[in-house]
Amino acid sequence: MNEQDFAELAAGAALHALSHDDQVAFDTARRQHPEWEHHVTANVATAAVLADGVADVAPPAGIRSALLARIAVAPQDPAPAAPEAEPDVPGAPGAPARRPRAWRARSWFALAASLALLVGIGWGAAFVNQQLNRPAPVAALEEIRQAPDARTESAAVAGGGEATAYWSPTVGKAVLVLEDFPPLGEDESYQMWLIRDGAAVSAGLVPADDGSGPALLADTPEPGDVLAVTREPEGGSPTGQPTSDPLVAIETP
């Protein structure tokens, strides 16, 4: 075993992901080559950073099915044919060359260790945190889009801008995406409403104040509802009802 092979095994060992045979090979090489111990120390440290540097979050719905779907269509390498029974004595005349190990799986361990190293220098921590701790409207929008009953409706705003609603009855969530709405004043907010049976019910505020961005509704539209957006005082309507005419109204069939 050379030092590069040992370094890859050290990454797998730090993640507790070695097979029995690889673990035996790793332990043997570790005893025989104490000068390679720095690979073990570095990988254990980076694995610890990866484990401790990111907060625990619930995985997005649908991630398991999406991963299994990708695995199902990924090309699989055929298993290597079993070698013929021949003597394999190192250095013996006529002895066949030993087949190199398949390192493809171990490359994932090295990749994980590299990711942990990025976490340790800061940039990786921000990147991982952004991926795992996405804003709720963004995560909900992805979940809705993957649903088999996903619905979407758009409507233009007079004078420019557009609003698009996404919702799924099975997911039980709805997201409104504003594009190029008129910017708000410092003391104003955009408020969403679901108009159902002639009555307006607040569906929450749009967090973006620059006229663009997604917002998670407090309820899911039902057939026949109208989703409207009004300009209200900062923090929302003080009366619990719209205080201005809707800038946009989206009918949900």
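1. Pairing of β7 and β8. In this predicted model, strand β7 (residues 226–233) and strand β8 pair in the antiparallel sense, over four bridges. One residue pair illustrates the pairing: Val229 has Val248 in β8 as its bridge partner. As general background, the strands of a sheet pair through backbone hydrogen bonds, and the pairing may be parallel or antiparallel.

2. The two faces of β8. Strand β8 covers residues 248–251, and its side chains alternate between two faces. Val248 and Ile250 point to one face and are buried, whereas Ala249 and Glu251 point to the other face and are not buried. Val248 therefore appears twice in this note, since it is buried under the cut-off of 20% relative accessible area and is also the bridge partner of Val229.

3. The sheet that contains β7 and β8. Which strands make up this sheet, and in what order? The order is β5-β4-β7-β8, an open sheet of four strands with antiparallel pairing. The edge strands are β5 (199–206) and β8, each of which pairs on one side only. From one strand to the next, the twist averages 30°.

4. Pairing of β4 and β7. Within this sheet, strand β4 (residues 188–196) is joined to β7 by eight bridges, again in the antiparallel sense. Ser189 stands opposite Glu232, a residue of β7.

5. The other sheet. A further open sheet is formed by four strands in the order β1-β2-β3-β6, and its pairing is antiparallel. At its edges stand β1 (151–156) and β6 (213–216); each has a single partner strand, so one side of each is left without a neighbour in the sheet. The twist in this sheet averages 20° from one strand to the next.

6. Pairing of β2 and β3. Strand β3 (residues 173–179) runs antiparallel to β2, and seven bridges join the two. Thr164 stands opposite Val177 in β3. The student may wish to locate this pair in the structure before turning to the helix described next.

7. A helix across the sheet. Helix α7 (residues 136–146) lies across three strands, namely β2, β3 and β6. The helix runs at about 115° to β3.

8. The surroundings of Trp167. Trp167 belongs to strand β2 (residues 162–168). Is this residue buried or exposed? Its relative accessibility is 4%, and Trp167 therefore counts as buried. Leaving aside neighbours within four places in sequence, Trp167 is in contact with several residues, including Ile144, Asp149, Lys173, Ala174, Thr220, Pro221 and Thr252. One of these contacts deserves a closer look: Pro221 is 54 residues away from Trp167 along the chain, yet the C-alpha atoms of the two are separated by 7.4 Å.

9. Two loop residues with positive phi. Most residues other than glycine have a negative phi. Asp180 has a positive phi of about 60° although it is not a glycine. Asp180 lies in the loop between β3 and β4, and at 59% relative accessibility Asp180 counts as exposed. Asp197 also has a positive phi, near 55°. Asp197 is found in the loop between β4 and β5; its relative accessibility is 81%, which means that Asp197 counts as exposed.

10. The contact of α1 with α2. The axes of helix α1 (residues 3–14) and helix α2 (residues 20–32) come within 10 Å and cross at roughly 120°. The two helices are therefore oblique to each other, and α1 passes α2 in a left-handed crossing. Which residues meet here? From α1 come Phe6, Leu9, Ala10 and Ala13, and from α2 come Asp22, Phe26, Ala29 and Arg30. The residues of this contact divide into six nonpolar, no polar and two charged.

11. The chain as a whole. The chain has seven helices and eight strands. Of its 253 residues, 30% count as buried. Among contacts between residues at least 6 apart in sequence, 61% join residues at least 24 apart. The contact of Trp167 with Pro221 can be read alongside that figure, as these two residues are 54 residues apart along the chain.

Key: Residues are numbered from 1 along each chain as its sequence is written. This is a predicted model: local features need pLDDT of at least 70, side-chain atom pairs count only at pLDDT 80 or more; totals for chains, interfaces and linings use all residues. Side-chain values use heavy atoms; hydrogens and water are left out. Axes are lines fitted to C-alpha atoms, for helices over the stretch in contact, and angles run from 0 to 180 degrees between N-to-C directions. Angles under 35 degrees count as roughly parallel, over 145 as roughly antiparallel, 65 to 115 as roughly perpendicular and the rest as oblique. A crossing is left-handed if the near helix is turned anticlockwise from the far one by less than a right angle, and right-handed if clockwise. Contact means heavy atoms within 4.5 Å. Ala, Val, Leu, Ile, Met, Phe, Trp, Tyr, Cys and Pro count as nonpolar, Asp, Glu, Lys and Arg as charged, and the others, Gly among them, as polar. Buried means under 20% relative accessible area, exposed over 50%, partly exposed in between (1.4 Å probe, protein chains only). Two strands pair if DSSP finds at least two bridges between them.
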